[in-house]
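Open the model in your viewer and keep the selection panel at hand. The tour goes stop by stop.

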Amino acid sequence: MTNPRKPTPQEQARLDSIRRQWQQKKKIEDHMGLIKTKIAVYSGKGGVGKTTVSVNLAVSLATRGSKTGIFDADVDCPNVVEAMQATEGPRYTEETFLPGEMWGVKILSMGFFQENPEDAIIFRGPMIHNSITQFLEGTDWGELDFLITDLPPGTSDAALSIMQNMPVDGFVVVTAPQSLARLDAKRSINMIRKMNIPVLGVVENFTGDVFGEGGGKEISNDMNVPYLGSLTMSPDYRDQSKPTVLTSQGVRQEYDVIVDNLIKNIGSS
Ligand SMILES: Nc1ncnc2c1ncn2[C@@H]1O[C@H](COP(=O)(O)OP(=O)(O)OP(=O)(O)O)[C@@H](O)[C@H]1O
Ligand SMILES: [Mg+2]
């Protein structure tokens, strides 16, 4: 048998990089192997309510008895710790993060690692990618029925990192009722489709007298994606002591409809 030729240094570097990527992906899959359904919450436009929807979805699922976690993938502006009013941060052993927990939901967010929440976290593309991969690789979520991931808006590095590295089962797209928001939501749906990941449905937030209603349903019809439900713009969100599904019966009922539809769509996607 002839000895195979020794790879050139360039070839060796390329092989090492492929091996590293493969090992990274494998580690992420191993650590997330006990999570039944991984859902990412996304929107093309900022400020439409992704964090609010992620947090209230997670808490609604947990109050129904599902083992649930929430991962804050917005590493620049992590808001989940504040929105959950989380007091118990993650613990870490040598190589592993064990998520914090609040309202029966396991939580991991860059927000836990900030000394002062008002400080800006300035990350450039590769650092965002690295910190997300480190979180994904290093977190032991244990057994979960649902992991909800709160994404930053737009076609940012963080959103793309998640789509490339995390085995996501489907996306929930949040939109506001107005027409500009609709265009952004359609772009997001097209981007998700390019990645071959299912869109589990559209949620319309801020429905009511101020912004109108019906944008979410229109997107659902135009893009042929399921409609999950609408969330009224409401002063009930002003009380920030707890996620709003725990303080407002009206909001809780709106989320019940969305969760029912979501579970139905996961079964059929
Ligand atoms: N249905 C609603 N009625 C009233 N206020 C709401 C509603 N939904 C969200 N909000 C409020 O709107 C603000 C923006 O919401 P949120 O932070 O969830 O948006 P986001 O899409 O995550 O923003 P970003 O793109 O910056 O991450 C928050 O102060 C939140 O409490
Ligand atoms: Mg947010």
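What follows is a walk through a predicted model, from a ligand to a core, a set of strands and a loop.

**Stop 1: the ligand**

Select ligand 1 and show its surroundings. Its shell holds 19 residues. The closest are Gly46, Gly49, Lys50, Thr51 and Thr52. Colour that shell by class: you get 9 polar, 8 nonpolar and 2 charged residues.

Which elements give two or more residues to this shell? They are α2 and β9 (199-207). Helix α2 supplies the largest share, 3 residues.

**Stop 2: the core**

Stay on helix α2, residues 50-63. This helix also gives the largest share of the largest nonpolar core, with 7 residues. That core has 65 residues in total. Now select Val41, Ala58, Ile162, Phe171, Val172 and Val173, which touch the most other members. As background, nonpolar side chains in soluble globular proteins tend to be buried together.

Pick Ile162 from that group and look at its contacts. Leave out neighbours within four places in sequence. What remains is Ala40, Ala73, Ile132, Thr149, Leu151 and Val168.

**Stop 3: strand β8 and its partners**

Select residues 170-175, strand β8. Is this strand largely enclosed or open? Of its 6 residues, 5 are buried, so β8 is largely enclosed by the rest of the structure.

Add strand β1, residues 35-42. β1 and β8 run parallel and are joined by 4 bridges. To see one pairing, select Tyr42: its bridge partner in β8 is Val173. Val173 was also among the core residues that touch the most other members.

Next, bring in β9. β8 and β9 run parallel as well, with 5 bridges between them. Here, put Val172 and Gly201 on screen: Gly201, in β9, stands opposite Val172. Val172 is another of the residues listed for the core.

Now add helix α6, residues 179-194. Together, β8, α6 and β9 form a β-α-β unit. Its hand is right-handed. Recall that β9 also gives two or more residues to the shell around ligand 1.

**Stop 4: a glycine in a loop**

Finish at Gly65. This residue lies in the loop between α2 and β2 (68-72). Is Gly65 buried or exposed? Gly65 counts as exposed, because it has 9 C-beta neighbours inside 10 Å, and the cut-off for exposed is 12 or fewer.

For a last distance, pick the C-alpha atoms of Gly65 and Asp145. They are 80 residues apart along the chain, and 9.6 Å separates the two atoms.

Technical notes: Residues are numbered from 1 along each chain as its sequence is written. Chains are lettered from A and ligands numbered from 1 in the order in which they are written. This is a predicted model: local features need pLDDT of at least 70, side-chain atom pairs count only at pLDDT 80 or more; totals for chains, interfaces and linings use all residues. A nonpolar core is a set of buried Ala, Val, Leu, Ile, Met, Phe, Trp, Tyr and Cys residues joined through C-beta atoms within 7 Å. A residue is buried if 20 or more other C-beta atoms lie within 10 Å of its own, exposed if 12 or fewer, and partly exposed in between; C-beta atoms are placed from the backbone. Two residues are in contact if their C-beta atoms, placed from the backbone, lie within 7 Å. A residue is near a molecule or strand if its C-beta atom, placed from the backbone, lies within 6 Å of it. Ala, Val, Leu, Ile, Met, Phe, Trp, Tyr, Cys and Pro count as nonpolar, Asp, Glu, Lys and Arg as charged, and the others, Gly among them, as polar. Two strands pair if DSSP finds at least two bridges between them. A crossover is right-handed if, with the strands pointing away from the viewer, the path from the first strand over the helix to the second runs clockwise.
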